[in-house]
Amino acid sequence: MYWITLVLAGGFLIIMCLARREEPAPGTATLLKPFYKMAMYLYKKSCRRFSRLFSSPQVEKDLVQLYPGESRECLKTEYYVKKASLCLAVIFAGTFIGAAAKVSTDSQVILGEGGGIARRSYLDGGLEVSLEAGYGQQQMDFRIEVEPRLLPEEEIAALTEAFVEELPGYILGKNTSLHEITSDLHLQEQYGDYPMHVSWKSSEPGILGDTGQVFSLEEEQEVTLFAKIRYGGYEREEAIPVRVVPVILSEEEQLYREMEEMLRQSQSDSLEEETWWLPQEWQGEEIQWQQIVEDNSLLLWGAAMLTAVLVFLLLDRDLHEQLEKRKRSLRQEYPEIVHKLVLFVGAGMTIRGAFQKIAGDYEAKCRSGERASPAYEEVLYTCRELHSGISEGQSYEHFGRRTGLQEYIRLSTLLAQNLKRGNSTLLERLREEAEKSAEERLQQSKRLGEEAGTKLLVPMVLMLAVVMAMIMVPAFSSM
C-alpha cells in the first residue's frame, strides 16, 4: 500500500506541476480547484487519443437541451473535465485514507524482532493479540491475552465475596456444567472487570492442569481445583470440585493444546518482566511467530478506485435525470404560458409583444428573488434572439426545438404559420391549444397521483403490520 501511495502521490504532484497554468471554471469549490486543473490538462492531452471515452451522443444531446444557446464543444469540455476532477478527487481521498489505514494497522503491531512483546501498564489493562506459528510444515493461529504488569491494589472484601460467587461461571468455558468437564477450563489470572488475581492449582494435574487444560483419560475422574485469590495484601483460597469426563482428541488437536499450554506457561513465567519472549522452539522444532493484524488498506484503495469509476459512469445518468426533470417542469408550465398568450393576444398585443411582456414580468420576478423557471427562460431567450435581429419565424421555431417537447413544437409551429400565412384565427386556435393543454395537465396530475398512491402502498402495509403487532402482542401476553 505504501508503494501505491508513493506512486500515485508522485503522479499527482507531476500532473499538478504540469497543469499549474490551467484556469479552473468559475464557481469551482476551493478543494476541487487543483483537481480541476489536473483534469483539464489530462483532458486536453487525452481527448484526441481516447475520443470514445469522452464522446457520447446522448450526453451531448442532453447538454445542449439543458443549456440552450451554449457552445456544444464548451459544454462537452466543461462536463467531462468536471467528471474527471471528481474522479481524481475520489482517487486521491481513497489513497490517503488507505495509507492512513495502513499506518494505523502497522501501529497495532507490537511483536518485535526476536519474538518480543512489550507489556502495557496495569492501568492500561491487558492487550489481546493474534499470533501465527510456523511450526515445521504446519501453520497455527493463536489469540493470546498479553497481561499487564502486576501492580499492588488495596483490599476490598465485599468485592472479593461477589467475585467468589461468580467464579464458577467464569471458568466453565465451553462446558455446560462443572460436573461434566470435556474441554479446557478458563483458569486465568483475572476475570471480567474484577481487579483480583487468581492462581490455580489442581489436585490431579495429570488429568486437569493448573492452567485448565484437560488431558485425555479413560474414565470419569473427580478433581478439586484450588483457587488462591489475591488483591493487594488480601488472600483467600477456595476449593472448587469438578468432574472430568473422557474426550477423544486428534493428533493435531493434541498438538494445538500442548502448544497453547506452552504459551500460557511461558507468559505466566514472564509476568514480572518488561517483555514476554515467545518460545522459539518446541520438541526440537523451530517456531516462526507472526502477528495476525487485519489490514484493510488495499481494500479501501480498491473501493476508492471503484467509486471513481462509478462516479464517472453514473454522472451521465444524473445528467439525463436533470434533463427529464427539466422536461417535467416545462410540461407543467406550458398551460400557464399558453393562457398568458391568449390573454395578451386577446387584449390586442402582437405575438412579439406578448412574448416580451411575459419575459419582462419574469425578469422582474427573478430580481425580486423568485426561483428560475426553465419554460420562462426559453421565452426570455426567444426575446433576446428577436432583439439580436433573428426573424420572428426562426425565433419561434428555435423556441420549440430547444425544448424538445411536442407541446412547444406544436405552439411554435402555430406561431410561425401565423406569420407566414397571416392566419386570422390565431386567437381561436390559441384558445383551443390552451384548453387542450389544461386537459393534458389534468391527466398528468391524475397519473402522478396514481403513481404516488402505488409508492405509498408498501409503507401503508408496514404501518398496518406494526398496528396489528401492537394489538396482538398485548392480547396474547394476557392469555
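Asp 361 is partly exposed, with a relative accessible area of 30%, and its side chain meets that of Lys 357 in a salt bridge, with 3.5 Å from N to O. Lys 357 counts as partly exposed too, at 35% relative accessibility. Both residues lie in helix α8, four residues apart, which is about one turn of the helix. Keep in mind as we go that this is a predicted model.

Let us follow the theme of charge pairing a little further. In general, side chains of opposite charge can pair when their charged atoms come close. How many salt bridges does a search of the whole structure find? The search gives 14. Another of them joins Arg 326 to Glu 378, where the closest N and O atoms are 2.3 Å apart. This pair links distant parts of the chain, since Arg 326 sits in helix α7 and Glu 378 in helix α9, 52 residues apart. Are these two partners buried or exposed? Arg 326 is buried because its relative accessible area is 9%, under the 20% limit for that label. Glu 378, at 2% relative accessibility, counts as buried as well.

Next comes the salt bridge between the side chains of Arg 402 and Glu 385, which is 3.5 Å from N to O. Here Arg 402 lies in helix α10 and Glu 385 in helix α9, so the pair ties together parts that are 17 residues apart in sequence. Arg 402 is buried, with a relative accessible area of 12%, and Glu 385 is buried at 10% relative accessibility. Which residues do salt bridges with shared partners join into one network? They are Arg 326, Glu 378, Glu 385 and Arg 402. If you would like to trace this network in the viewer, helix α7 holds Arg 326 and helix α9 holds Glu 378, while Glu 385 is in helix α9 and Arg 402 in helix α10.

Helix α10 has another residue to visit. It covers residues 392-403, and Thr 403 lies in it. The side chain of Thr 403 reaches the backbone oxygen of Gly 400 at 2.8 Å. Thr 403 is buried, with a relative accessible area of 0%.

Now for the surface. Where do positive charges gather? Lys 325, Arg 328, Arg 371 and Lys 455 form a patch of positive charge there. One member, Arg 371, belongs to the loop between α8 (351-367) and α9 (374-387). Arg 371 counts as exposed because its relative accessible area is 78%, and the label asks for over 50%.

A patch of another kind is nonpolar. Leu 464, Val 466, Val 467, Met 468, Met 470, Ile 471 and Met 472 make a nonpolar surface patch of about 670 Å². Met 470 can serve as an example: this residue is in helix α13, which spans residues 457-477. Met 470 is exposed, with a relative accessible area of 60%.

From Met 472 in that patch, we can look across to helix α7. Glu 321 has its place in this helix, which runs over residues 297-346. The C-alpha atoms of Glu 321 and Met 472 are separated by 45 Å, and the two residues are 151 residues apart along the chain. Glu 321 counts as partly exposed, at 43% relative accessibility.

Finally, let us turn to the strands. Arg 243 is in strand β6, made of residues 234-244, and is partly exposed with a relative accessible area of 29%. How far apart in space are Arg 243 and Asp 210? Their C-alpha atoms are 15 Å apart, with their positions 33 residues apart in sequence.

A backbone detail appears at Gln 283, found in the loop between β8 (281-282) and β9 (285-291). Gln 283 has a positive phi of about 55 degrees, although this residue is not a glycine. Gln 283 counts as exposed, at 59% relative accessibility.

Terms used: Residues numbered from 1 in each chain as written. Predicted model: local features only at pLDDT ≥ 70, side-chain atom pairs only at ≥ 80, totals over all residues. Heavy atoms only, no water. Patch = residues over 30% accessible without salt bridge, like charges linked within 9 Å, V, L, I, M, F, W, Y side chains within 5 Å. Areas by Shrake-Rupley, 256 points an atom, 1.4 Å probe, with all protein chains shown as cover. Salt bridge = Lys/Arg side-chain N within 4 Å of Asp/Glu carboxyl O. Lys, Arg positive; Asp, Glu negative; His and termini not counted. Charge placed at Lys NZ, Arg CZ, Asp CG, Glu CD. Helix = DSSP H or I, 4+ residues; strand = E, 2+ residues; numbered from the N terminus. Buried < 20%, exposed > 50% of the residue type's maximum accessible area, 1.4 Å probe, protein only. Polar contact = N/O pair within 3.5 Å; in protein donor to acceptor, adjacent residues only side chain to side chain.
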